[in-house]
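Let's walk through this model together, strand by strand, and then look at the charged contacts. Keep the structure open beside the text as you read.

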Amino acid sequence: MDQSDKLRLLQSYWYSPRRLHDSPTRYHFPGDRFLPNRSLMDLDRAHTLLTNKTTDFKSSKCDEVYQQKLIESQSLNSEGKRIMVFKGSSKSSTKSIRFVDELRQEMATISDNKSKQAPYRSIPKAEMIVLDAPGLLDDYYVNIMSWGKNNVLAVGLGPTLYLWNSVDQRIHKLFHVREEDNWPTSITWSEEARTLAVGYTCSNLQLWDAESSKLIRSLQGHSERITSTAWNGHILTSGSRDKSIINHDIRARNHLASSIKKHSDEVCGLKWSNEGDRLASGGSEKQLYIWEASKMSSSKFLHLFTDHCAAVKALAWCPYQHNVLASGGGWNDRCIRIWNTQKGICIHSIETKAQISGLEWNRHHKEILSSHGYSTGEDQNKLCLWKYPSMTKVGEFGNHEPRIINLCQSPDGVTVVSAVADETLRFWDVFGPPMTGTSMASDLQGLFSSRNSLIR
């Protein structure tokens with residue numbers, strides 16, 4: 001056996017488990033294979049060699065070239081500090097914000113600066129469409145306009161109810177009341193926009209099929225005019241000047257599900273929550289009730305708010321906080337109040353200096369729009385946009401000459417329409433994301449050859 005064969009044999013023996021087995025140091029090797037074992041490693045020395053930058057360890061196995069390779073593999077800069085690593089706060093530091101929080105804070109600052117430099121949209125200076133609406137009632141307490149999910153706007157003009165299709169601008173007369181002074185005073189589309197509920201001056205309540213233009217059913221129970229209606233699935237709730245609230249189950253032959261008489265004056269505002277578990281009712285006697293759907297048959301209310309100083313007609317549930325309700329008072333109150341209906345407290349109260357006839361939440365941004373009527377000053381007959389939850393005014397627009405009677409929102413949550421006492425319907429492109437070249441405004445404007453159109 002020559003010298004090279006002996007050297008190879010020695011090397012194979014040096015790295016074999018047999019040598020380790022025969023050595024004075026005892027190691028534990030479970031199984032029949034040689035696997036790495038932490039007991040063979042000097043972890044303390046390895047950690048010291050990798051992290052200590054001051055002590056120069058002299059070792060035949062750790063020469064300068066090897067140390068340089070270690071520095072390169074650990075991504076250390078010329079000063080011996082790591083680069084491109086995820087770094088947190090040191091234990092001795094008093095800062096509680098970690099690296100990720102710092103990044104988020106920096107990004108939020110950049111976003112705020114961008115929003116200050118370029119607002120995401122502008123407040124409309126003028127309406128995009130105006131429709132003539134002859135016969136529109138100048139009555140603060142009525143609710144004669146509703147925009148359904150089928151993109152059809154239903155509006156009562158005197159004794160006649162019209163349907164205006166916002167997609168193809170077609171106008172359809174649903175019915176005309178022949179009885180004198182028995183006009184529609186409350187109009188509400190059902191949730192699926194298949195049925196239209198219509199309340200009348202002479203206490204009638206009817207259900208209409210808009211597609212076939214046929215009367216489906218008449219519901220009795222009130223003794224005076226019906227000024228407010230609200231849907232909750234198969235339940236239709238109506239409020240009247242007779243001070244009562246009636247829940248009608250339209251599936252049953254005997255439709256009267258429950259009747260409540262807590263208000264001491266006309267019930268001019270009704271609104272079910274988005275989840276359908278709570279009902280808000282406002283009356284001309286300045287009171288606002290919150291009802292639980294499961295307890296309405298017992299006439300026990302959840303909350304009674306008496307903060308308003310005038311009739312409470314404008315009601316709107318927040319689309320992103322299910323327990324939050326906005327309410328608006330009449331001429332002697334002129335306040336928007338935001339309520340936490342879970343705790344039964346008022347969160348905000350904003351003096352608007354004008355009668356509040358309608359409230360609509362922005363579903364795309366945290367804002368709420370209010371429509372106004374009479375005022376003691378110059379802030380009357382306008383639309384005001386408020387930022388939520390700070391309730392700071394974003395802007396105001398729409399210098400209507402007479403007061404605004406009703407306000408409602410399109411199904412896509414971009415456009416609102418105001419019913420004005422000068423017998424016009426005015427459409428405003430105020431909600432939604434930043435407008436583009438294919439915005440709804442340009443689409444709707446292209447449907448009309450002139451600025452003013454006649455709804456009948």
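Two strands count as paired if DSSP finds at least two bridges between them, and strands themselves are DSSP runs of E of at least two residues, numbered from the N terminus. This is a predicted model, where local features need pLDDT of at least 70, side-chain atom pairs count only at pLDDT 80 or more, and totals for chains, interfaces and linings use all residues. Residues are numbered from 1 along each chain as its sequence is written, and side-chain values use heavy atoms, with hydrogens and water left out.

With that in hand, turn to β18, which five bridges join to β19 (residues 324-329) in an antiparallel arrangement. Within this pair, Ala316 sits opposite Ala326 of β19. Both strands belong to an open sheet of four with the order β18-β19-β20-β21 and antiparallel pairing. Its edges are β18 (312-317) and β21 (345-351), each pairing on one side only. From one strand to the next, the twist averages 20°.

Next, move along to residues 397-430, which UniProt, in an unreviewed entry, lists together with 260-301 under "repeat: WD"; such annotations may be inferred rather than shown by experiment. Over 397-430 the chain is 56% strand and 0% helix, and the end C-alpha atoms are 10 Å apart. Here β27 (residues 415-420) pairs antiparallel with β26 (residues 404-409) through five bridges and with β28 (residues 424-429) through six. Val416 is a handy landmark: Gln409 is its bridge partner, and Trp428 in β28 stands opposite Val416 too. Both connections are hairpins: five residues separate β26 from β27, with Gly413 at a positive phi of about 70°, and three separate β27 from β28, with Glu423 at about 65°.

How many of the six residues of β27 are buried (under 20% relative accessible area, 1.4 Å probe, protein chains only)? Six of the six are. Thr415, Val417 and Ala419 point one way, while Val416, Ser418 and Val420 point the other. In a regular strand, side chains alternate between the two faces of the sheet.

Finally, the structure holds 13 salt bridges (a side-chain nitrogen of Lys or Arg within 4 Å of a carboxyl oxygen of Asp or Glu). One of them joins Asp138 and Arg403 at 3.0 Å, N to O. Asp138 lies in the loop between β1 and β2 and Arg403 in the loop between β25 and β26, so the pair ties together parts that are 265 residues apart in sequence. Arg403 is buried at 9% relative accessibility, whereas Asp138, at 43%, is partly exposed, the class between buried and exposed (over 50%).

Conventions. Axes are lines fitted to C-alpha atoms, for helices over the stretch in contact, and angles run from 0 to 180 degrees between N-to-C directions.
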